[in-house]
Amino acid sequence: MGQVRQPRRAQAYDGELGAAVARAQEGDEAAFAVAYRIVQPGLLGYLHGLVGDDAEDVASDAWLEIARDLGRFRGDGAGFRGWTATIARHRALDHLRRRRVRPQAGGTEQDLLHLPGPHDTHDQALESLSTEQALALVRELPRDQAEAVLLRVVVGLDGPAAARVLGKRPGAVRTAAHRGLKRLARQLGVGGQADGGVTDEASRTLGQSN
């Protein structure tokens, strides 16, 4: 099975992010702004995949909670991205509940994200897709695949961190992300490639949002 790789940009900024968070916890407002600039693009992309056009509002609510509870956070830059994704996810689910969206009988809150994936596109669309179009396709994936792809590729979390956000086993999240990226690649017309190539191409398309 192909591996879903963490975006290099997210990895490159983890050291800077961890240092900024540490300074922000000591009251440095400029450092908090640095942490915000590093985390916000991926977080906003994740929320677009969950709540669509309401992502900005939900992100604002999430950042208010992040700022309020910053002193409680313990960890490095990668841990901070996972922590903020967890907060954002809770706010997104709260938002969906307020919109009176409910899972089917016997389901869970995660079923709020379950959407079918009906579209096919020309293979050249992979190169030209805007971030909005890519996220729209992700939202059409089954909910477990959509969230796994968003957390792994857009937010840039590794398997264990994404699993903690979702409350699942790392292996289950890796499998869901791989299947989601493979399905996304088929929708984009690149399904004839080897599994690893399919997931890598789809990852790069979504990684533009980071």
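The following questions and answers concern helix α2, residue Arg152 and the nonpolar core of a predicted model.

This is a predicted model in which local features need pLDDT of at least 70, side-chain atom pairs count only at pLDDT 80 or more, and totals for chains, interfaces and linings use all residues. Residues are numbered from 1 along each chain as its sequence is written, and side-chain values use heavy atoms, without hydrogens and water.

Q: At which residue does α2 bend?
A: Helices are DSSP runs (H or I, at least four residues), numbered from the N terminus. Helix α2 (residues 29–51) would span 33 Å if straight, yet spans only 29 Å between its end C-alpha atoms. Pro41 follows the bend within four residues. The bend, the angle between axes fitted to the seven residues ending at a residue and the seven starting there, is about 40 degrees at Gln40.

Q: Which side chain of opposite charge is nearest to Arg152, and how far away is it?
A: Arg152, in helix α7 (residues 143–155), is buried, that is, under 20% relative accessible area (1.4 Å probe, protein chains only). A salt bridge needs a side-chain nitrogen of Lys or Arg within 4 Å of a carboxyl oxygen of Asp or Glu. Arg152 has none, and the nearest side chain of opposite charge is Asp158, at 6.4 Å.

Q: Which element gives the most residues to the largest nonpolar core?
A: A nonpolar core joins buried Ala, Val, Leu, Ile, Met, Phe, Trp, Tyr and Cys residues through side-chain atoms within 4.5 Å. Of the 53 residues in the largest one, Leu47, Phe80, Leu151 and Leu157 touch the most other members. With ten residues, the element that gives the most to this core is α2.

Definitions and conventions:
Helices (H or I, at least four residues) and strands (E, at least two) are DSSP runs, numbered from the N terminus. The expected span of a helix is 1.5 Å times one less than its number of residues. Buried means under 20% relative accessible area, exposed over 50%, partly exposed in between (1.4 Å probe, protein chains only). Lys and Arg count as positive and Asp and Glu as negative; His and the chain ends are not counted.
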